[in-house]
Amino acid sequence: MEAWPGDAYPLGATYDGNGTNFAIFSEVADAVYLCLFDDDGNETRVKLREVDGYVWHAYLPQILPGQKYGYRIEGPYDPASGVRCNVNKLLLDPYAKAVSGEIDWAQPLFGYNFGDPDSRNDEDSAKHMMLGVVVSPFFDWDGDRKPRTPYHRSVIYEAHVKGLTQLHPDVPEEQRGTYAGVAHPSVIAHLQKLGVTAIELMPVHQFVNDSTLQEKGLSNYWGYNTIGFFAPHNKYCATGDAGQQVQEFKAMVRELHLAGIEVILDVVYNHTAEGNHLGPTLSFRGIDNQAYYRLMEDEPQYYMDYTGTGNSLNVRHPHSLQLLMDSLRYWATEMHVDGFRFDLASTLAREFYDVDRLSTFFELCQQDPVVSQAKLIAEPWDIGPGGYQVGNFPPLWTEWNGKYRDTVRDFWRGEPATLGEFASRITGSSDLYEDSGRARWRRSTSSPPMTASRCGTWFRTTRSTMRPTGKTITTANPTTARGTAARRDPRRTRRCWRCGPASSATSWRRCC
């Protein structure tokens, strides 16, 4: 196959109307192979012969949108030293803008043989892997403009793409549980009726279903298990997974903006779906394990874990930071997203051991002309030592105010000695934000009051408590658990009680 030298930037697969440029970073690779797949699964390998600054690249004329691809990395395999290259493992491009298929958790996906973690497995994983897809960057935005609603006028509604639309009677069946369903006029009208100014979507980056759930016939509903930071999750697309998900997501954003509703994404940059040293080799692990993950300094075969998921992204490495910033800019510019809510944001500030509000990641966000203008909302904790950082994020950021949430719930429950703190929280938590460096008019909104969320009080309970005669219909799934309590707010005590008929499936009167 004809291959030209191409360019080292931008990373990923970039279609220009005539062909596609492919570029991937790996500092440890001895050789990199681009693997192209046809509709029958037949593989064609192209060796990338050009490398600049550890970025391997080539330009392939006549490669069009819809082309499926992956990579193979030839290099050292020495888990004890923290390197895990294996040319037999097909790898997903970290910059893939669309993903086709899903993994099946078969033995070939793992770098070792089951039952013997110290062994090496050389079975080919291609038949069991998801694939990247070349996408078209062209889309008719029809004059789209971001609403840019100021924080003090924002009403942010957290929602799940499938949960919001799956049971909605007005949404066509083929569009339920999809981006097209969120963009349906009936769903948008419902959000407008509630006074919503921004919808905060639970994870829509491409994620992986956990093997333990699949074995039980279940799936990862919430999606906090990312493998592709540039790709909209393919299962939320009504029209296919060969790049159509990008067009459908953009159309959803366009329709929401037309209705004056911003789109905020819940993003999970703190870890990936590859898990700990016993996890599969899907992408980052096989491309450059040391660059992308925080490893134990004395035992680099093991992973630092501040997230309760098995690994933590290495925010000390420049190419990991570049991945994060490129992803944020892509969603803000190419996908027209208005803001981001960062899951376990404290992890992103751990350059060494402690959480550092002056970390490189925060500095990059501060100086970036695109990212700095988006709404940046932190979940200000992780499970590591000193991870609870409510009130300590830099001035550019807002936070989920966990203290506001807990105090309001205690007040509703009639807990003693909470009235004074309730007054402080309801008036802006000045003890946390008075000296934060925000403009005076913004201090009360430097942490948007947060009471109802997927891991707490449900919206119907909140709205009914505040307006007893109000009536609302929502289809969000109220029974879904995140899967591991360790990833919730580490300071949260049990603030749960039943205040409605246990048999009522629609009252959802449980506050937690």
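In this predicted model, the side chains of aspartate 122 and arginine 120 meet in a salt bridge, with a nitrogen-to-oxygen distance of 2.7 Å. Both partners are partly exposed, aspartate 122 having a relative accessible area of 41% and arginine 120 one of 38%. This pair belongs to a structure that holds 13 salt bridges, and some of these charged residues are joined in a wider arrangement, since Glu43, Arg45, Arg72 and Asp124 are linked in a network of salt bridges.

Two further pairs can be described in detail. The side chains of glutamate 102 and lysine 235 form a salt bridge at 3.8 Å, N to O, and this pair links distant parts of the chain, the two residues being 133 residues apart. Glutamate 102 is placed in the loop between strand 10 (99-100) and strand 11 (131-133), while lysine 235 is placed in the loop between strand 15 (226-232) and helix 5 (244-258). Glutamate 102, at 42% relative accessibility, counts as partly exposed, whereas lysine 235 counts as exposed because its relative accessibility of 53% lies over the limit of 50%. The other pair consists of glutamate 297 and arginine 316, whose side chains meet in a salt bridge of 3.9 Å, N to O. Glutamate 297 and arginine 316 each lie in the loop between helix 6 and helix 7, so this salt bridge ties together parts that are 19 residues apart in sequence. Here glutamate 297 is exposed, at 68% relative accessibility, and arginine 316 is partly exposed, with a relative accessible area of 35%.

The two helices on either side of that loop also pack against one another. Helix 6 (residues 284-292) and helix 7 (residues 318-333) meet at an angle of about 115°, and their axes are 9 Å apart, which means that helix 6 is roughly perpendicular to helix 7. On the side of helix 6 the contact is made by Phe284, Ala291 and Tyr292, and on the side of helix 7 by His319, Ser320 and Leu323. Sorted by class, this contact contains four nonpolar residues, two polar residues and no charged residues.

The interior of the model was examined next. In soluble globular proteins, nonpolar side chains tend to be buried together. The largest nonpolar core of this structure has 114 residues, of which Phe22, Ile199, Phe249, Leu265, Phe340, Phe342 and Phe361 touch the most other members. Helix 7 provides the largest share of this core, namely eight residues. For isoleucine 199, when residues up to four places away in sequence are not counted, the contacts are Tyr157, Ala159, Leu164, Val182, Leu191, Leu256, Ile261, Glu262, Val263 and Ile264.

A buried position is also found in strand 15, which contains threonine 226. This threonine 226 counts as buried because its relative accessibility is 0%, and buried means under 20%. With residues up to four places away in sequence again left out, threonine 226 touches His205, Gln206, Phe207, Val268, His271, Thr272 and Ala273.

For the protein chain as a whole, twelve helices and 21 strands are found, and 57% of its 512 residues count as buried. Among contacts with a separation of 6 or more, 71% are accounted for by residues 24 or more positions apart.

Key: Residues are numbered from 1 along each chain as its sequence is written. This is a predicted model: local features need pLDDT of at least 70, side-chain atom pairs count only at pLDDT 80 or more; totals for chains, interfaces and linings use all residues. Side-chain values use heavy atoms; hydrogens and water are left out. Axes are lines fitted to C-alpha atoms, for helices over the stretch in contact, and angles run from 0 to 180 degrees between N-to-C directions. Helices (H or I, at least four residues) and strands (E, at least two) are DSSP runs, numbered from the N terminus. Angles under 35 degrees count as roughly parallel, over 145 as roughly antiparallel, 65 to 115 as roughly perpendicular and the rest as oblique. Contact means heavy atoms within 4.5 Å. Ala, Val, Leu, Ile, Met, Phe, Trp, Tyr, Cys and Pro count as nonpolar, Asp, Glu, Lys and Arg as charged, and the others, Gly among them, as polar. A nonpolar core is a set of buried Ala, Val, Leu, Ile, Met, Phe, Trp, Tyr and Cys residues joined through side-chain atoms within 4.5 Å. Buried means under 20% relative accessible area, exposed over 50%, partly exposed in between (1.4 Å probe, protein chains only). A salt bridge is a side-chain nitrogen of Lys or Arg within 4 Å of a carboxyl oxygen of Asp or Glu.
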